[in-house]
Amino acid sequence: MMPEITLTGVFIVAAIAFAVPLGLGLLPAVRVPSVVLEIGAGILVGPAVFGLVEVDLPLRVLALLGLAFLLLLAGLEIDIDHLRGPRLRSAAAGFVISLAVALGIGFGLYAAGLVEAPLLVAIILSATSLGIVIPVLTDAGRAGTTLGQLVIAASSIADFGAIILLSLFFSGDSSGVGSTLFLIGAFVALVVVTGVALGGVEHSRRLSSALRRLQDTSAQIRVRGAFLLLVGLVVVAQLFGLEVILGAFFAGAMLRLLDRDEMMTHAGFHTKLQAVGFGIFIPFFFVTSGIQLDVRALFSGGSALALVPVFLIALLLARGVPAILYRPMVGNRDSLAAGLLQATSLPFIVAATGIGMGLGIMSPAVGAAMVVAGLLSVVLFPLGALMLLRAGPKPAATRDTDQGRPAPIIRQERP
């Protein structure tokens with residue numbers, strides 16, 4: 001007989017997911033990203049405070065799908081056309097500097113006996129939340145400027161690089177770096193073959209016609225296809241002993257590449273994916289992460305609570321210092337704003353600390369301190385960047401110097 005599955009926890013989390021953005025909409029003066037309040041609400045209803053919800057099987061499944069959709073949409077943000085020429089060189093050099101600074105911080109904390117996995121800490125510190133950066137740049141009218149394109153390129157490289165490094169060194173089923181590197185190579189090769197096969201679909205007139213007929217009917221065939229691709233690559237990544245986030249991220253990047261000529265999708269496709277992700281699954285990931293966050297460990301003595309400002313400053317150093325490279329192109333004020341934006345990180349921190357705690361190489365106290373530092377970075381750094389950007393002159397949109405055409409408009413996304 002099948003065990004009874006209750007949906008009480010799902011109901012409570014769904015209520016939080018509905019109430020948080022509604023409350024922010026009713027109080028427009030409160031400029032806090034909803035993800036911060038979703039995690040905070042999860043902490044309140046979880047075992048750390050009121051104990052109303054335990055993470056059961058339905059919540060674990062929905063949270064996993066939420067993480068997968070979050071990385072799918074992050075992959076959709078990667079624009080290969082922007083990663084070329086001076087922008088690519090600056091972004092790549094900045095990521096190398098970030099890693100160097102983050103490694104120094106990680107091993108310094110390890111030498112002080114404050115963390116157990118310095119490499120994992122360094123990888124976490126080197127990431128940027130692209131989905132948070134883009135709305136801030138768009139709100140400030142800077143997404144299409146030189147500053148905006150530099151920050152977007154650097155954030156894209158940081159997202160991609162951090163996910164690859166995390167999968168390379170901290171995949172739970174791998175036997176070593178060499179074997180993991182081989183598995184990642186095999187996985188990438190499979191992704192390329194799949195992408196080429198899907199790209200050939202547009203040359204099939206009959207199949208393309210069928211997709212167009214079904215895309216806006218109750219079949220929603222393109223959304224179903226994207227979900228199939230997402231789950232398929234996640235399953236393949238798991239079979240290869242790699243992290244779920246790698247498969248989900250590559251699914252989004254593949255969809256982005258297939259959409260470069262606007263043949264594979266239509267204007268509403270990305271909006272539909274965002275509706276499914278942000279409307280249903282992604283809030284489950286953030287609220288459930290809050291439920292699982294052991295904030296009591298922060299106040300149980302020791303140095304855990306003191307690590308919160310340490311990690312916050314570490315984020316600012318690891319991702320903010322590379323913005324010095326932008327000074328010749330955008331000036332002091334904008335390079336400082338870029339540093340603040342690049343130091344904004346949360347979704348990757350939540351996912352990576354969960355992996356670290358699952359592998360037993362990161363304590364719940366350190367994981368909680370890193371997540372709280374990420375929460376503060378999302379609240380403080382974009383606000384500081386907006387103040388700097390709005391205080392300075394508003395430049396005209398830059399032109400794509402590589403192709404001699406105006407830079408494309410960046411869609412506003414929710415973090």
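Among the contacts in this protein between residues at least 6 apart in sequence, 79% join residues at least 24 apart. The model is a predicted one, and the protein it describes has 17 helices and two strands. Of its 415 residues, 54% count as buried. The paragraphs below follow some individual residues and elements through this arrangement.

A search of the whole structure finds seven aromatic pairs. In one of them, the rings of Phe-187 and Phe-240 have their centres 6.2 Å apart and their planes at 70 degrees, and because planes over 60 degrees apart count as edge-to-face, the pair is of that kind. Phe-187 lies in helix α8, which covers residues 177–199, while Phe-240 sits in the loop between α10 (221–239) and α11 (244–258), so the pair ties together parts that are 53 residues apart in sequence. The two partners can also be described by their accessibility: Phe-187 has a relative accessibility of 0% and therefore counts as buried, whereas Phe-240, with a relative accessible area of 24%, is partly exposed.

Phe-187 also forms an aromatic pair with Phe-250, again edge-to-face, with 5.8 Å from centre to centre and 90 degrees between the planes. This pair links distant parts of the chain, since Phe-187 belongs to helix α8 and Phe-250 to helix α11, with their positions 63 residues apart in sequence. Both Phe-187 and Phe-250 are buried. Ring pairs link these residues into a cluster whose members are Phe-160, Phe-187, Phe-240, Phe-249 and Phe-250.

Ser-167 has its place in helix α7, residues 146–169. With a relative accessibility of 0%, Ser-167 counts as buried. When neighbours within four places in sequence are left aside, the residues in contact with Ser-167 are Thr-180, Ile-184, Leu-242, Glu-243 and Leu-246.

Another buried position is found in helix α12, residues 269–292, where Phe-285 has its place. Its relative accessibility is 6%, and Phe-285 therefore falls under the 20% limit for a buried residue. Apart from neighbours within four places in sequence, Phe-285 is in contact with Ala-63, Gly-66, Leu-67 and Leu-70, and also with Pro-347, Val-350 and Ala-351. For one of these partners the separation can be stated in two ways: Phe-285 and Ala-351 are 66 residues apart in sequence, and their C-alpha atoms are 9.4 Å apart in space.

The last part of the account concerns two helices, α13 (residues 307–320) and α15 (residues 332–342), whose axes come within 8 Å and cross at roughly 120 degrees. This angle is why α13 and α15 are described as oblique to each other, and α13 passes α15 in a right-handed crossing. At the place where they meet, Leu-316, Arg-319 and Gly-320 in α13 are in contact with Gly-339, Leu-340 and Gln-342 in α15. By class, this contact of α13 with α15 has two nonpolar, three polar and one charged residues.

Helix α15 itself is mostly covered, as eight of its 11 residues are buried. The buried residues are Asp-334, Ser-335, Ala-337, Ala-338, Gly-339, Leu-340, Leu-341 and Gln-342, and among them are Gly-339, Leu-340 and Gln-342, which α15 brings to its contact with α13.

Notes. Residues are numbered from 1 along each chain as its sequence is written. This is a predicted model: local features need pLDDT of at least 70, side-chain atom pairs count only at pLDDT 80 or more; totals for chains, interfaces and linings use all residues. Side-chain values use heavy atoms; hydrogens and water are left out. Axes are lines fitted to C-alpha atoms, for helices over the stretch in contact, and angles run from 0 to 180 degrees between N-to-C directions. Helices (H or I, at least four residues) and strands (E, at least two) are DSSP runs, numbered from the N terminus. Angles under 35 degrees count as roughly parallel, over 145 as roughly antiparallel, 65 to 115 as roughly perpendicular and the rest as oblique. A crossing is left-handed if the near helix is turned anticlockwise from the far one by less than a right angle, and right-handed if clockwise. Contact means heavy atoms within 4.5 Å. Ala, Val, Leu, Ile, Met, Phe, Trp, Tyr, Cys and Pro count as nonpolar, Asp, Glu, Lys and Arg as charged, and the others, Gly among them, as polar. Buried means under 20% relative accessible area, exposed over 50%, partly exposed in between (1.4 Å probe, protein chains only). Rings of Phe, Tyr and Trp (its six-membered ring) pair if their centres lie within 6.5 Å; planes under 30 degrees apart count as stacked, over 60 as edge-to-face and the rest as tilted.
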